[in-house]
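Visitor: I'd like a close look at just one part of this protein. Could you walk me through a single strand and whatever sits around it?

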Amino acid sequence: MRVVPWVIAVMAFALVACDKPNESRPAAPAAKAKPAGQGAATAEQVAKEARADVSCPAKNKSAPRASGAPVDDVIGVRPGISYDEALNQVLCSHDLLVMQLDITRGFNIKTYGQKPRHGFGARFAEPRVEWSAKRAKIESMDDIVARSGNAARDDMKPGQAKWYVGTMGLPGQERVINVAREERFEAGASPTITSIEQALLKKYGPPTKQQNNQGQRYITWSYDPAGRLVTQGAPLFNRCSGNASPNGGVNLSPDCGTVVTAIVMPLRENPELAVSLQVGVVDQAGGYQLVTGTEQALAQADQQRREQETAKAAKNTAPPKL
């Protein structure tokens, strides 16, 4: 299946997450995103305003991972926990992280007027500056110069991290399907690529694939729906893939289980050191079941609503005068 950013489509019994049309964009009635404050503020002040409801350390009520099951979390966030548990866990991972909702991302299902929460992102708070015509002109000129020179702009600053968590379920009952986190290391404090690889293997165990592409390290742990590691030569070896980037989409298929993916990017000045780390986890079979089950439940609820409205109208509404 070709992965494009975040739409769910049922095709050949597989689901793919990508960008979705306006009519099925999600809303988040219980999300804790805060409106932007007024006036200039430091990043710390912006974060404090946005994180007023965050309670740390994070506490989860969801059932723990089953004994012997594949390790499937990114700093405690894993498929199966609730939306609110995941949000609190993410925000507790750093004091400057703030929630971000992106209505262009989600699972393209018929919601029948309901509003299940499809996920959330989190990034470091940025300082808030007073806007003025002079500042707008300066930033506009900077953008023009950057575009004319085909300059690459970093998505994150050194020392920052970002997340994306995909969720699905009936409104108020959403559960995590996938999670991805990217960290860019502080300048002058880059760990060695070898040490990162060792830490990943210690946590997630023997991998399905381990590749080195021009200094970039790719490691994948793929499991079938029964939790068995997929190894080279197995039918699922090239079929069950994941995505480590918070900007990317994910495949969902009933044939694959948990997939963990990690990408370590080398420092240009010293390829033995790492500039960034991405780690993503998706429960493909569980996510497939959750998305299709949610759409079916929403369809049944809508059918029941229409039947009740029709019965009420038949009983209480007078026929028209002819």
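Let's take S9: how many bridges join strand S8 (residues 209-213) to S9, and do the two run parallel or antiparallel?

Guide: There are 5 bridges joining S8 to S9, and the two strands run antiparallel. Before we zoom in, keep in mind that this is a predicted model: local features need pLDDT of at least 70, side-chain atom pairs count only at pLDDT 80 or more, and totals for chains, interfaces and linings use all residues. Residues are numbered from 1 along each chain as its sequence is written, and side-chain values use heavy atoms, with hydrogens and water left out.

A quick word on the labels: helices (H or I, at least four residues) and strands (E, at least two) are DSSP runs, numbered from the N terminus. Two strands pair if DSSP finds at least two bridges between them. The chain has 5 helices and 12 strands, and S9 covers residues 216-222.

Start at the S8 end. Asn213 has Gln216 in S9 as its bridge partner. S8 and S9 make a hairpin, with 2 residues between them. One residue to look at there is Gln214, which sits in the loop between S8 and S9. Gln214 has a positive phi of about 55° even though it is not a glycine. That's worth a pause: most residues other than glycine have a negative phi. Gln214 also counts as exposed, at 76% relative accessibility. Here "exposed" means over 50% relative accessible area, "buried" means under 20%, and "partly exposed" is in between (1.4 Å probe, protein chains only).

Now move along the strand itself. S9 is mostly covered, with 5 of its 7 residues buried. For the whole chain, buried residues make up 41% of the 322 residues. S9 has another partner too: strand S11 (residues 258-267) pairs with S9 in the antiparallel sense over 6 bridges. In that pairing, Ile219 stands opposite Ala262 in S11. If you're tracing side chains, remember that in a regular strand they alternate between the two faces of the sheet.

Next, the aromatic rings. Rings of Phe, Tyr and Trp (its six-membered ring) pair if their centres lie within 6.5 Å; planes under 30 degrees apart count as stacked, over 60 as edge-to-face and the rest as tilted. A search of the whole structure turns up 2 aromatic pairs. Tyr83 and Phe120 form an edge-to-face pair, 5.3 Å centre to centre with 65° between the planes. That pair links distant parts of the chain, with Tyr83 in helix H2 (residues 83-91), Phe120 in strand S5 (residues 119-124), and their positions 37 residues apart. Tyr83 is buried, at 0% relative accessibility, and Phe120 is buried as well, at 1%.

The rings of Tyr204 and Trp221 bring us back to S9: their centres are 5.1 Å apart and their planes are at 50°, so this pair is tilted. Tyr204 belongs to helix H4 (residues 193-204) and Trp221 to S9, so to speak two distant parts of the chain, 17 residues apart, linked by the pair. Both Tyr204 and Trp221 are buried.

Since Tyr83 took us to H2, here is a short detour. With 8 of its 9 residues buried, H2 is largely enclosed by the rest of the structure. Its cover includes strand S3 (97-100), S5, strand S6 (161-168) and strand S7 (175-184).

Finally, follow the chain onward from S9. The loop between S9 and strand S10 (251-252) holds Ser245. Ser245 is buried, with a relative accessible area of 16%. Contact means heavy atoms within 4.5 Å. Setting aside neighbours within four places in sequence, Ser245 is in contact with Ala180 and Gln278. Contacts like these can be put in a chain-wide setting: of the contacts with a separation of 6 or more, 67% are between residues 24 or more positions apart.

To recap your strand: S9 pairs antiparallel with S8 over 5 bridges and with S11 over 6 bridges, and Trp221 in S9 teams up with Tyr204 in H4.
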